[in-house]
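Visitor: I am new to this structure and should like to learn how its features are read. May we go through them one by one?

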There are 2 protein chains.
Amino acid sequence: VKTIRVGFLGLGVVGAELVNIIRANRERILSKYDIDIELGKIFVRDPDKKRSIDTEGLQLTTSAHDVIDDRDTDIICECVGGAGTEGTREYIIRAIKNGKSVVLSSKKVLALHGMEILELARSYDATVKFDATVGGGIPVAKIIKECFKGEEIKKVVGILNATSNFIYSKMEKEGLSFEAALKNAQELGYAENDPTEDIEGFDALYKAIILVMFSMKKWVDIKKVKMTPFSKISVRDMKYANELGYQIKPLVIAENKEKLVYRIGPCLIKDSHIAANTFNNYNMIVFEGSNSGILGFYGQGAGSKPTASAMFDDLVGMLIQQQEGGPDPVSSELYNGIHAVDELQEYENNLYWRISVENKIGKFAAIASILANNAVNMEKIIQKDEVEDRMGIVLLTSSVDPETMSRITGQFQDSGVKIHIVMPFLGE
Amino acid sequence: VKTIRVGFLGLGVVGAELVNIIRANRERILSKYDIDIELGKIFVRDPDKKRSIDTEGLQLTTSAHDVIDDRDTDIICECVGGAGTEGTREYIIRAIKNGKSVVLSSKKVLALHGMEILELARSYDATVKFDATVGGGIPVAKIIKECFKGEEIKKVVGILNATSNFIYSKMEKEGLSFEAALKNAQELGYAENDPTEDIEGFDALYKAIILVMFSMKKWVDIKKVKMTPFSKISVRDMKYANELGYQIKPLVIAENKEKLVYRIGPCLIKDSHIAANTFNNYNMIVFEGSNSGILGFYGQGAGSKPTASAMFDDLVGMLIQQQEGGPDPVSSELYNGIHAVDELQEYENNLYWRISVENKIGKFAAIASILANNAVNMEKIIQKDEVEDRMGIVLLTSSVDPETMSRITGQFQDSGVKIHIVMPFLGE
């Protein structure tokens with residue numbers, strides 16, 4: 001019997017659930033792999049806090065270094081919660097330097113310091129697993145490493161932020177405003193007290209950076225990616241989208257072109273799109289591979305059980321690998337070849353517009369001629385409710401490059417046309 | 001550099017595509033893993049047949065034994081096409097006994113002889129990979145082995161037969177009859193000349209047996225599973241289902257209860273169900289894990305590229321493992337613990353009924369009272385078009401056990417009510 005001691009950074013809802021799963025499976029792992037998982041030290045900020053699990057027999061400590069520097073600890077499970085903190089980066093780096101392998105859950109740390117952490121892990125022969133950082137219970141990292149060996153991933157489309165998706169679902173199904181839906185999400189524990197990271201799109205951005213890093217081998221400085229906040233959305237647009245056979249989702253799109261393409265923000269997708277039925281706290285990630293074609297993966301994007309379950313899978317993967325000896329050949333396949341890229345390209349796609357005009361004859365014609373003069377193809381123009389004495393209009397058009405967009409914006413302004421929102425829309 | 005020689009059984013569309021992918025990736029694999037993939041002998045029935053790839057330099061042979069018995073061949077890729085044949089079983093057994101590892105594509109062989117093949121592989125320390133047998137490009141086996149380590153898989157719902165799903169999509173979207181849609185599928189190469197295995201549900205059954213075998217560790221003799229043929233469906237029911245907010249799909253359902261539950265046949269699922277947007281030749285497999293909750297996987301269920309891509313992933317997995325030495329610990333995890341079970345339980349769920357009655361007053365009341373007397377809850381009763389002087393009626397009811405069903409059938413008959421079709425329906 002080989003004993004593997006597992007230390008913990010954090011014992012919040014995910015950490016506690018992971019302890020539960022380890023306890024429930026200890027016997028089974030022992031008889032199956034001849035490995036005994038021993039619970040090591042557990043770093044918590046407040047040892048007296050009431051927790052959802054029995055802490056009897058757990059070695060709680062208020063010093064992270066007690067865990068990271070513990071000689072007998074082989075693997076560190078990082079469950080600090082939230083997106084992760086600056087402190088987390090230091091803990092991870094120190095753990096790797098101490099020769100430990102790390103099961104990560106903090107997306108922010110990996111997205112911001114991914115290159116540094118992976119380089120370090122490589123030079124110290126440490127394994128870093130990170131399946132819980134993206135897509136909650138969806139085994140994203142395992143899928144990327146196992147399923148695209150002979151091909152290139154050309155595109156990723158994802159609903160990656162469970163909080164925003166929950167809010168969008170509430171807005172669409174119950175007609176709540178964004179603010180009311182957010183409040184509801186907070187009451188149910190689906191949104192933090194400070195929801196900025198989720199609703200402004202940062203959480204989705206971290207996850208996108210991680211997805212692209214491993215699936216396309218390109219890492220980009222997070223500051224360079226432009227976003228449209230997920231909060232920039234109204235029930236009115238949801239309603240209009242539904243009428244047109246679309247849904248609005250908090251979407252991440254990345255394309256592996258000569259220059260990397262990112263789009264993070266609200267986006268319309270057709271009712272028959274495979275990601276359209278992703279509601280509430282669920283996530284969906286759709287890859288496009290050069291041989292496999294479209295592959296989609298759906299699961300709970302948040303929740304302590306699915307996340308802890310993903311971490312447990314990582315942990316057992318490490319145990320098996322340590323038993324076999326040597327670094328994980330598959331994980332190194334994941335790490336290898338990742339390089340930083342600088343140049344990003346603007347995302348271009350068909351567009352949904354909600355605009356308004358003063359209620360005068362000839363406005364339709366003016367709008368149509370401005371678009372035509374700018375070589376923009378108009379698929380649809382629909383008159384909508386009046387808002388504050390102005391006639392609402394919804395347009396579906398072909399894509400518009402940034403230069404043309406600024407020209408159209410100016411011409412619209414001169415004609416008394418106000419643009420309320422512009423979003424891309426995806427077909428099937 | 002280590003050379004691994006790969007022999008082929010069959011060089012149809014999948015085999016040819018696999019040769020393409022190997023050729024395209026040989027250099028990359030060599031530089032990445034220091035392994036040279038060498039194409040060995042290839043068994044074909046007709047060496048003069050025109051093929052989609054350049055056969056220059058390929059060692060075609062009309063004897064399968066030339067491939068299986070070749071001492072220098074390490075891995076056999078079985079691409080015999082279709083569901084597989086009795087001959088395929090013998091080839092695989094002989095290959096394993098000859099110490100070779102096998103990448104399987106034939107689902108029928110694995111479903112029918114799974115226990116025998118796995119036992120043999122275990123005793124000969126051979127590796128058998130089979131990801132191409134279920135779900136085409138969806139990495140089902142890899143998902144099962146990697147993602148549910150600390151939990152139980154309670155339920156699987158799948159659209160597993162691409163041919164039937166293509167036919168259903170055509171019927172629903174274009175209003176074609178089953179026969180016309182089948183003809184269309186045949187013209188486009190989505191259905192075989194003899195489509196029996198696909199449209200009667202056998203292909204889906206083989207895949208269900210394989211899914212259940214590995215995810216629930218229970219294997220059942222295929223003859224014991226009852227099926228409702230996928231062909232038993234009409235455009236009329238599709239239309240009614242759509243009106244009610246449902247779609248009809250060629251579905252496989254398996255539940256890991258005390259006795260195993262199987263349901264294979266047409267089934268209604270709600271428009272907002274995650275599998276509802278699975279159209280044409282796509283497949284979707286939805287697992288329910290005790291910790292992960294719902295996990296769904298979507299991809300092309302047929303097509304030479306996705307299938308060959310899945311086989312290539314299996315092949316490279318084997319190369320890495322052979323380089324590391326020893327049997328694949330993860331695959332053995334997949335194999336271990338599988339046992340044959342005898343008892344099956346009837347699937348019970350809410351039901352959609354299409355019935356018809358002579359157009360007389362009081363019929364609604366008669367139907368309602370028969371159901372009520374049998375303690376069946378009626379959610380909906382809707383009058384539909386007349387067919388041959390009879391009034392069509394659609395019912396949605398609670399589940400009905402087999403005994404009650406036969407009683408209701410009798411009472412309906414006595415009251416002049418004809419049952420045209422009964423299907424289960426799933427909510428979100």
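Guide: Let us begin with a single residue. In this predicted model, A:H65 is found in helix α2 of chain A, which covers residues 64-68.

Visitor: Is A:H65 buried, partly exposed or exposed?

Guide: The relative accessible area decides this, and partly exposed is the class between under 20% and over 50%. A:H65 has a value of 34%, so it is partly exposed.

Visitor: Which residues does A:H65 touch, leaving aside those up to four places away in sequence?

Guide: With those set aside, A:H65 touches A:D70 and A:R94. A further residue, A:A95, is 30 residues from A:H65 in sequence, and the two C-alpha atoms are 9.0 Å apart in space.

Visitor: How many aromatic pairs are there over all chains?

Guide: The count over all chains is 17 aromatic pairs. To classify a pair, one reads the angle between the ring planes, and an angle over 60 degrees counts as edge-to-face. The ring centres of A:Y246 and A:F425 are 5.4 Å apart and their planes stand at 75°, so this pair is edge-to-face.

Visitor: Which parts of chain A does the pair of A:Y246 and A:F425 tie together?

Guide: A:Y246 belongs to strand β9 (residues 246-256) and A:F425 to strand β18 (residues 418-426), so the pair ties together parts that are 179 residues apart in sequence. Buried means under 20% relative accessible area. A:Y246, at 7%, is therefore buried, and A:F425, at 4%, is buried as well.

Visitor: What kind of aromatic pair do B:F43 and B:Y91 form?

Guide: B:F43 and B:Y91 form an edge-to-face pair, with 5.9 Å from centre to centre and 75° between the planes. B:F43 lies in strand β2 (residues 35-43) of chain B and B:Y91 in helix α3 (residues 86-97) of chain B, so parts 48 residues apart in sequence are tied together. B:F43 is buried at 7% relative accessible area, and B:Y91 is buried at 16%.

Visitor: Which residues form one aromatic cluster?

Guide: One aromatic cluster is formed by A:F148, A:F287, A:F297, B:F148, B:F287 and B:F297.

Visitor: Where does the charged end of A:K173 sit?

Guide: The charged end of A:K173 sits over the ring of A:F279, 4.0 Å from the ring centre. In chain B, B:K173 lies over the face of B:F279, at 4.0 Å from the centre of that ring.

Visitor: Which residues touch the most other members of the largest nonpolar core?

Guide: The general idea is that nonpolar side chains tend to be buried together in soluble globular proteins. Here the largest nonpolar core has 174 residues, and A:F214 and B:F214 touch the most other members. Among the residues that A:F214 touches are A:L110, A:F130, A:L334 and A:I338.

Visitor: How many residues does the contact take from chain A and from chain B?

Guide: The contact takes 51 residues from chain A and 51 residues from chain B. The two chains bury about 3800 Å² between them, with 53% of it on carbon and sulfur atoms. The count of salt bridges between chain A and chain B is zero.

Visitor: What is the phi of B:D34, and where does B:D34 lie?

Guide: B:D34 is not a glycine, although its phi is positive, at about 65°. B:D34 lies in the loop between α1 (13-33) and β2 of chain B, and at 43% relative accessibility it counts as partly exposed.

Notes
Residues are numbered from 1 along each chain as its sequence is written. Chains are lettered from A and ligands numbered from 1 in the order in which they are written. This is a predicted model: local features need pLDDT of at least 70, side-chain atom pairs count only at pLDDT 80 or more; totals for chains, interfaces and linings use all residues. Side-chain values use heavy atoms; hydrogens and water are left out. Rings of Phe, Tyr and Trp (its six-membered ring) pair if their centres lie within 6.5 Å; planes under 30 degrees apart count as stacked, over 60 as edge-to-face and the rest as tilted. Helices (H or I, at least four residues) and strands (E, at least two) are DSSP runs, numbered from the N terminus. Buried means under 20% relative accessible area, exposed over 50%, partly exposed in between (1.4 Å probe, protein chains only). A charge sits over a ring if NZ of Lys or CZ of Arg is within 6 Å of the ring centre and within 35 degrees of the ring normal. Contact means heavy atoms within 4.5 Å. A nonpolar core is a set of buried Ala, Val, Leu, Ile, Met, Phe, Trp, Tyr and Cys residues joined through side-chain atoms within 4.5 Å. Buried area is the accessible area (1.4 Å probe) that two parts lose on being put together, summed over both. A salt bridge is a side-chain nitrogen of Lys or Arg within 4 Å of a carboxyl oxygen of Asp or Glu.
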